[in-house]
Amino acid sequence: MATNRTFTMIKPDAFAEGNSGAILKMIEEAGFKIVAMKATQLTKEIAGKFYEVHSARPFYADLCAYMSSGPIIAAILEKENAVEDFRKLIGATNPADAADGTIRKIFAKSIEANAVHGSDSDENAAIEGAFYFSMTERVG
Ligand code: CMP
């Protein structure tokens, strides 16, 4: 059954270019409520743990270096059908394939510097949210 929460990160490229506000505006205007949010900077080790599922992929080392290269914003978002609706809002992983009007189409630079992360399942949304936020850091 679909849950009503997903997890996102505004990645270093989007944060550094001052696009966090515009991206959060798009997220809120699409009907998502921010349940928890913080700005932080990952170490390579913590980025590696977050993306451990990709550790066998050829892009893993670059991804960990990139994700620890500057500040990010991590957030838990709430909306009915959150995971699926958020993935529609952000568009395809590779911005070259992303639909017009999606966050990645507008803000992403490349498949690696692709502006935002969005959980790919309800199970991962719960795991990823818990990775960043303790119970006392959430609204609900
Ligand atoms: P994200 O949704 O955060 O999940 C894994 C990330 O790996 C993905 O977004 C991309 O930014 C990054 N990545 C880099 N190269 C690739 C690739 N060739 N295929 C898929 N993801 C990639």
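Q: What makes the pair between the ligand and the side chain of Tyr 51 a polar contact?
A: In this predicted model, an oxygen atom of the ligand is 2.6 Å from an N or O atom in the Tyr 51 side chain. The cut-off is 3.5 Å, so the pair counts.

Q: Why does the Asn 114 side chain count as a polar contact of the ligand?
A: A ligand oxygen is 3.4 Å from an N or O atom of the Asn 114 side chain. That is within 3.5 Å, so this pair counts. The side chain of His 117 has an N or O atom 2.9 Å from a ligand oxygen. That pair is therefore a polar contact as well.

Q: How much of the ligand's accessible area does the protein cover?
A: The ligand on its own has 450 Å² of accessible area, and the protein covers 79% of it.

Q: Which residues are around the ligand, and what makes them count?
A: They are Lys 11, Tyr 51, His 54, Phe 59, Leu 63, Thr 93, Arg 104, Ile 111, Glu 112, Asn 114 and His 117. Each counts because one of its heavy atoms lies within 4 Å of the ligand. By class, this shell has 4 nonpolar, 4 polar and 3 charged residues.

Q: What does it take to say where the ligand sits?
A: More than half of its atoms must lie within 2 Å of the grid points. The ligand sits in the largest pocket, so that condition is met there.

Q: Which residues does the UniProt annotation "binding site" cover?
A: The unreviewed entry lists Lys 11, Phe 59, Arg 87, Thr 93, Arg 104 and Asn 114. From this set, the lining of the largest pocket takes in Lys 11, Phe 59, Arg 87, Thr 93, Arg 104 and Asn 114. Thr 93 is in the loop between helix H5 (82–90) and helix H6 (103–107).

How values were computed:
Residues numbered from 1 in each chain as written. Predicted model: local features only at pLDDT ≥ 70, side-chain atom pairs only at ≥ 80, totals over all residues. Heavy atoms only, no water. Polar contact = N/O pair within 3.5 Å; in protein donor to acceptor, adjacent residues only side chain to side chain. Areas by Shrake-Rupley, 256 points an atom, 1.4 Å probe, with all protein chains shown as cover. 1 Å grid on protein atoms, 1.4 Å probe; cavity = no way out; pocket = protein on both sides within 12 Å on 5 of 7 lines; lining within 4 Å. Nonpolar A, V, L, I, M, F, W, Y, C, P; charged D, E, K, R; others polar. UniProt positions renumbered as here; feature names shortened; annotations may be inferred. Helix = DSSP H or I, 4+ residues; strand = E, 2+ residues; numbered from the N terminus.
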